[in-house]
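The exercises below concern a single protein model. Each sets a task and then works through the solution step by step.

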Amino acid sequence: KTILGIESSCDETAAAVVSRGTEILSSVVASQIKVHAPFGGVVPELASRKHLESIAPVVEQALEDAGISRDQIDGVAVTRGPGLVGALLVGFSFAKAYAFALDVPWVGVNHLLGHIHSVLMSPSPPEFPFAALLVSGGHTSIYKVSSRTDMEVMGQTRDDAAGEAFDKVSKAMGLGYPGGEIISKLAESGDPHKISFPRSWLDKKKFDFSFSGIKTAVGRYMQVHEDSWHDEKADIAASFQEAVVEVLATKLINAAKSIGCPRVAVAGGVAANACLRDRVTQLAAKAGMSVHLPDISLCGDNAAMIAAAGYYKLAAGERSPLNMDVFSRMEKL
Ligand code: ATP
Ligand code: MG
Ligand code: FE
């Protein structure tokens with residue numbers, strides 16, 4: 001079964017063709033970074049307009065890269081939410097119309113379930129259950145994943161997402177958008193132990209997060225060291241990243257321990273962070289756990305993960321009705 005996946009929840013227009021839930025025949029991601037960069041963040045109206053321009057060519061490109069024609073598509077999977085409503089609607093409406101015209105089944109997919117599926121697409125996916133850290137621009141949560149369709153939240157951020165903290169710190173230092181890649185690159189030449197930013201452990205036995213405090217702490221450091229922080233950018237970046245990564249990795253390992261399963265996974269845009277990948281791998285090795293990290297190309301938003309999640313929904317007989325709508329905030333996976 002060959003599924004066309006479509007994703008347009010934020011600032012990338014993406015389409016992918018995936019066979020049997022794991023075989024990626026093509027994955028096209030058209031990023032809008034250049035459009036939003038001058039504004040220091042995603043501008044919803046611009047995002048919708050850009051999606052509208054890109055959606056048809058991106059889907060055509062995905063078919064061409066996969067070397068298949070429209071009539072070889074067996075089903076369509078599309079992101080239903082969470083995300084920007086205007087952006088979601090572009091991909092969602094396109095997918096409905098496409099499936100209707102081709103007379104194939106289609107299904108709406110939770111974007112976060114998609115991110116989790118980026119872990120399950122690897123050649124050696126984890127056995128169930130496992131503990132998964134979903135860490136992205138809008139979310140930071142730990143899930144107990146019990147099957148391909150069944151997962152429960154063990155903890156989540158009470159304020160900012162970790163990716164959001166990277167973006168805000170980068171913006172505060174005048175380094176641009178999106179901040180994750182910029183900060184992590186800069187951190188490579190900095191000392192992660194130079195500045196001691198606060199670790200927000202909250203209740204150490206629970207798996208909730210808070211990342212607004214560290215963003216404030218970085219801002220305060222810049223104020224106090226008004227004349228010198230410009231020469232310490234790399235150390236600030238490295239020390240900030242260290243504080244965030246330490247909490248994320250430690251809580252993930254503890255979450256896996258608490259449910260008694262020796263398997264951990266990381267997904268979402270921040271899963272591309274090398275420091276986080278290394279730390280989780282280290283701590284897991286020490287705890288005798290296996291680690292499951294998606295290919296870097298599947299960490300950020302893409303449609304292959306949506307096609308994969310949709311494949312299993314369709315295979316289980318799930319069908320979405322044509323009057324289904326998108327949603328902007330967390331709904332059930
Ligand atoms: P969500 O998935 O929660 O709806 P989103 O789709 O906007 O949000 P993703 O595209 O999954 O988020 O991830 C984007 C986030 O990942 C941004 O905040 C970005 O700064 C961050 N990010 C990307 N690469 C890195 C990196 N190497 N290190 C840290 N953060 C990174
Ligand atoms: Mg994005
Ligand atoms: Fe995402």
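**Exercise 1. Helix H10**

How many of the 12 residues of H10 are buried?

Solution. The model is a predicted one, and the reasoning here applies to it as such. A residue counts as buried if 20 or more other C-beta atoms lie within 10 Å of its own. By this criterion, 11 of the 12 residues of H10 are buried, and the helix is mostly covered. The buried set consists of Ala-304, Met-305, Ile-306, Ala-307, Ala-308, Ala-309, Gly-310, Tyr-311, Tyr-312, Lys-313 and Leu-314. The next step is to identify the cover: it includes strands E1, E2 (12-19), E3 (23-31), E4 and E5, together with helix H4 (111-120). As for its geometry, H10 (residues 304-315) reaches 16 Å from its first C-alpha to its last, close to the 16 Å expected at 1.5 Å a residue. Just after the helix, Gly-317 takes a positive phi of about 95°.

**Exercise 2. Helix H3**

Determine how the end-to-end distance of H3 relates to its number of residues, and state what its buried residues pack against.

Solution. Helix H3 comprises 18 residues (85-102) and should therefore span 26 Å at 1.5 Å a residue; its end C-alpha atoms are 25 Å apart, which agrees. The buried residues of H3 are Ala-87, Leu-88, Val-90, Gly-91, Phe-92, Phe-94, Ala-95, Tyr-98 and Ala-99. They pack against strand E1 (2-7), helix H2 (44-66), strand E4 (75-81) and strand E5 (106-110). Tyr-98 may serve as an example: it is classed as buried because 20 other C-beta atoms lie within 10 Å. Tyr-98 and Leu-4 are 94 residues apart in sequence, yet their C-alpha atoms are 10.0 Å apart in space.

**Exercise 3. Annotated binding-site residues**

Which residues does UniProt list for "binding site", and what is the largest C-alpha distance in the group?

Solution. The unreviewed UniProt entry lists His-111, His-115 and Asp-301 under "binding site". These residues are spread over 191 residues of sequence but cluster in space, with a largest C-alpha distance of 8.8 Å. Consider the surroundings of two of them in turn.

- His-111 is placed in helix H4. It counts as buried because it has 24 C-beta neighbours inside 10 Å. Leaving aside neighbours within four places in sequence, His-111 is in contact with Ser-9, Thr-79, Gly-81, Pro-82 and Gly-83.
- Asp-301 is placed in the loop between strand E10 (290-292) and H10. It counts as buried because it has 26 C-beta neighbours inside 10 Å. With the same exclusion of sequence neighbours, Asp-301 is in contact with Glu-7, Ser-9, Cys-10, Glu-12 and Ala-14.

Ser-9 appears among the contacts of His-111 and among those of Asp-301.

**Exercise 4. The shell around ligand 1**

Describe the residues around ligand 1 by proximity, by element and by class.

Solution. Of the 25 residues around ligand 1, Gly-137, Gly-138, Gly-163, Gly-180 and Gly-269 come nearest. The elements that give two or more residues to this shell are helix H5 (162-172) and helix H6 (179-187). By class, the shell has six nonpolar, 15 polar and four charged residues.

**Exercise 5. Backbone exceptions**

Locate the cis peptide bonds at Pro-129 and Pro-178 and the positive phi angles at Asp-103 and Leu-202.

Solution. Begin with the expectation: most residues other than glycine have a negative phi, and most peptide bonds are trans. Two cis peptide bonds can then be placed. One joins Phe-128 and Pro-129, with omega about -5°, and Pro-129 is in the loop between H4 and strand E6 (130-135). Another joins Tyr-177 and Pro-178, also with omega about -5°, and Pro-178 lies in the loop between H5 and H6.

Turning to phi, Asp-103 has a positive value of about 60°. Asp-103 is found in the loop between H3 and E5 and is exposed, because 7 other C-beta atoms lie within 10 Å. Leu-202 has a phi near 55° and is found in the loop between H6 and helix H7 (212-224). Leu-202 is partly exposed, with 16 other C-beta atoms within 10 Å.

**Exercise 6. The overall fold**

What radius of gyration would a compact globule of 333 residues have, and what does the protein have?

Solution. A compact globule of 333 residues would have a radius of gyration near 20 Å; the protein has 20 Å, which agrees. Buried residues make up 52% of the 333 residues.

How values were computed: Residues numbered from 1 in each chain as written. Chains lettered and ligands numbered in written order. Predicted model: local features only at pLDDT ≥ 70, side-chain atom pairs only at ≥ 80, totals over all residues. Near = placed C-beta within 6 Å. Helix = DSSP H or I, 4+ residues; strand = E, 2+ residues; numbered from the N terminus. Nonpolar A, V, L, I, M, F, W, Y, C, P; charged D, E, K, R; others polar. Rg over C-alpha atoms; globule rule 2.2 N^0.38 Å. Expected span 1.5 Å × (residues − 1). Contact = placed C-beta atoms within 7 Å. UniProt positions renumbered as here; feature names shortened; annotations may be inferred.
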